[in-house]
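Welcome! Take a moment to turn the model around before reading on.

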Amino acid sequence: MRNQPLLTSVTRIWDLADGDFDTAGLPESEWETGDYVIGECVSPPGPKAAVELVGGRQVDVFDGDRIVGALGARHSLLEAVGDWTLVGPDQRMDLLASGGVIGRLSSRAVRRRPQVALSYRGHVFRDGWKVRMRDFITRYADGAPATPPFVLIAGSSWAGGRAEVAQTVVRSLGRAGERVVALRLTGVGRHRDVLALRDAGAVASFDMVDVGLPSTVCPAGEYRVALEGLLQKLGEWNPTVVVADVGPSPHEPYNTGLAIDRLGGALRATVLCANDAYAVVGLVQSFGLAPTLVTGPATYTSAGISLVEKLTEIQAFNVLDRRTAGELLTVLRSALGAEGCEGGDQAVDGGAVGLDGGRDP
């Protein structure tokens with residue numbers, strides 16, 4: 001058992017030094033989304049059970065370890081479902097996502113490793129006040145922010161490889177001379193995905209943790225406020241284009257539809273990561289999504305590409321194949337028009353990271 005609690009990546013926005021806080025219990029009537037809490041591992045979490053620390057590094061956890069995370073919710077199709085509001089009188093909780101979202105598990109995929117079970121040990125306090133994620137966000141002046149052109153990375157499923165595709169798009173635009181800022185507009189807080197976008201060439205990258213949300217499974221009003229704060233942050237970096245990972249189908253409760261509606265005319269291109277051609281048809285028909293380009297597992301072979309284009313008449317190719325780097329840049333330039341991709345005609349290496357699908361937030 002470790003002496004100091006493990007600070008998960010949802011604490012990366014706070015200014016508390018190690019141990020510079022107190023712990024005290026609170027009745028559940030005083031709990032809120034985004035509260036920082038401490039849970040203790042109460043049962044062997046199984047092999048390779050890990051949490052993500054502030055810097056994005058994974059560390060194994062063991063019985064008796066204490067974890068600092070934030071109260072939140074998750075609604076994953078492929079891994080886990082849970083919410084802090086489901087915590088009962090026994091005060092048993094679960095680590096719903098490795099980045100530190102804590103709640104009570106209600107469902108999980110049986111073929112996935114089990115969630116880390118926790119016992120509530122109290123809220124984080126400083127100077128007699130409980131510590132919340134929203135205590136550490138930047139407040140901006142009122143007024144709609146200037147919105148640069150957006151390239152949206154969407155998915156038909158959580159396992160469509162969006163993370164790798166977003167990195168490839170960022171790299172392509174950056175090497176073409178664009179000043180790219182990357183955003184993750186939905187999901188649960190996990191720092192390594194944000195850091196990977198910076199590694200790909202974005203001058204800055206952010207997610208909803210940066211504006212005080214542990215998860216975008218939340219009321220629409222809370223999401224809208226956080227989204228405006230995230231868009232305001234763009235002004236600090238003066239991007240010529242923004243690459244935004246918006247998550248899976250808008251039918252899921254991550255507020256994806258609200259994000260798309262808010263971007264409005266700033267949305268210039270949508271790259272859809274789909275598992276198969278029928279998923280593309282489903283999204284087009286059920287939500288009216290009109291992607292500029294289809295990629296992902298549906299395009300890993302020529303057979304898949306042909307089926308997508310036959311059923312939808314939408315251009316399709318695998319952007320993770322480095323041989324398509326020039327084709328990808330051509331599509332992006334066409335979509336962005338005069339507002340983006342004016343950095344010249346230098347060769348672009350698509351820089352595929354791999355062909356395995358992205359992890360489920």
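What follows is a short tour, from the whole chain down to single residues.

**The chain as a whole**

Please keep in mind that this is a predicted model. The chain has 361 residues, and 57% of them are buried. Its secondary structure consists of seven helices and 18 strands. If you look at contacts with a separation of 6 or more, 72% of them join residues 24 or more positions apart. The accessible surface adds up to about 14,800 Å², and carbon and sulfur atoms hold 50% of that area.

**Helix α2 and its surroundings**

A good place to zoom in is helix α2, which covers residues 191-199. Its buried residues are H191, D193, V194, A196 and L197. In an α-helix, residues three or four places apart point the same way, because there are 3.6 residues a turn. What do the buried residues of α2 pack against? Their partners are helix α1 (162-175) together with the strands β4 (50-52), β14 (180-184) and β15 (204-207). Just after the helix comes G201, with a positive phi of about 125°.

**Empty spaces inside**

Rolling a probe the size of a water molecule over the atoms shows where empty space is left. In this model, the count is three cavities of 30 Å³ or more. The table sets out two of them.

| Cavity | Volume | Lining residues by type |
|---|---|---|
| Largest | about 70 Å³ | five nonpolar, four polar, three charged |
| Second largest | about 40 Å³ | three nonpolar, one polar, three charged |

The second largest cavity is lined by A163, A166, Q167, R184, D193, L197 and D245. Two elements, α1 and α2, each give two or more residues to this lining. Helix α1 provides the largest share, with three residues. D193 and L197 may sound familiar: they are among the buried residues of α2.

Around the largest cavity you will find R184, T186, G187, V188, G189, R190, D207, M208, V209, L213, P214 and S215. R184 is thus a name to look for twice, since R184 also belongs to the lining of the second largest cavity.

**A buried alanine**

Next, try finding A80, which sits in strand β8 (residues 80-83). Is A80 buried or exposed? A80 counts as buried because its relative accessibility is 0%, and the cut-off for buried is under 20%. Leaving aside residues up to four places away in sequence, A80 touches R74, H75, L96, L105, S107, R108 and Q115. One of these, L105, is 25 residues away along the chain, yet the C-alpha atoms of A80 and L105 are separated by 7.2 Å.

**Cysteines without a bridge**

A disulfide is a covalent bond between the sulfur atoms of two cysteines. How many disulfides does a search of the whole structure find? The search turns up zero. As for individual cysteines, C41 is buried, with a relative accessible area of 1%. C218 counts as buried too, at 14% relative accessibility.

**Two loop residues with positive phi**

To finish, visit two loops. D127 lies in the loop between β11 (116-126) and β12 (129-130). Phi of D127 is near 55°, a positive value in a residue other than glycine. With a relative accessible area of 70%, D127 is exposed. E313 belongs to the loop between α6 (302-312) and α7 (325-336). This residue is not a glycine either, and E313 has a positive phi of about 60°. Its relative accessible area is 75%, so E313 is exposed.

Conventions:
Residues numbered from 1 in each chain as written. Predicted model: local features only at pLDDT ≥ 70, side-chain atom pairs only at ≥ 80, totals over all residues. Heavy atoms only, no water. Helix = DSSP H or I, 4+ residues; strand = E, 2+ residues; numbered from the N terminus. Buried < 20%, exposed > 50% of the residue type's maximum accessible area, 1.4 Å probe, protein only. Contact = heavy atoms within 4.5 Å. Areas by Shrake-Rupley, 256 points an atom, 1.4 Å probe, with all protein chains shown as cover. Disulfide = S-S within 2.5 Å. 1 Å grid on protein atoms, 1.4 Å probe; cavity = no way out; pocket = protein on both sides within 12 Å on 5 of 7 lines; lining within 4 Å. Points joined across faces, edges and corners; volume = space filled by probe spheres on them. Nonpolar A, V, L, I, M, F, W, Y, C, P; charged D, E, K, R; others polar.
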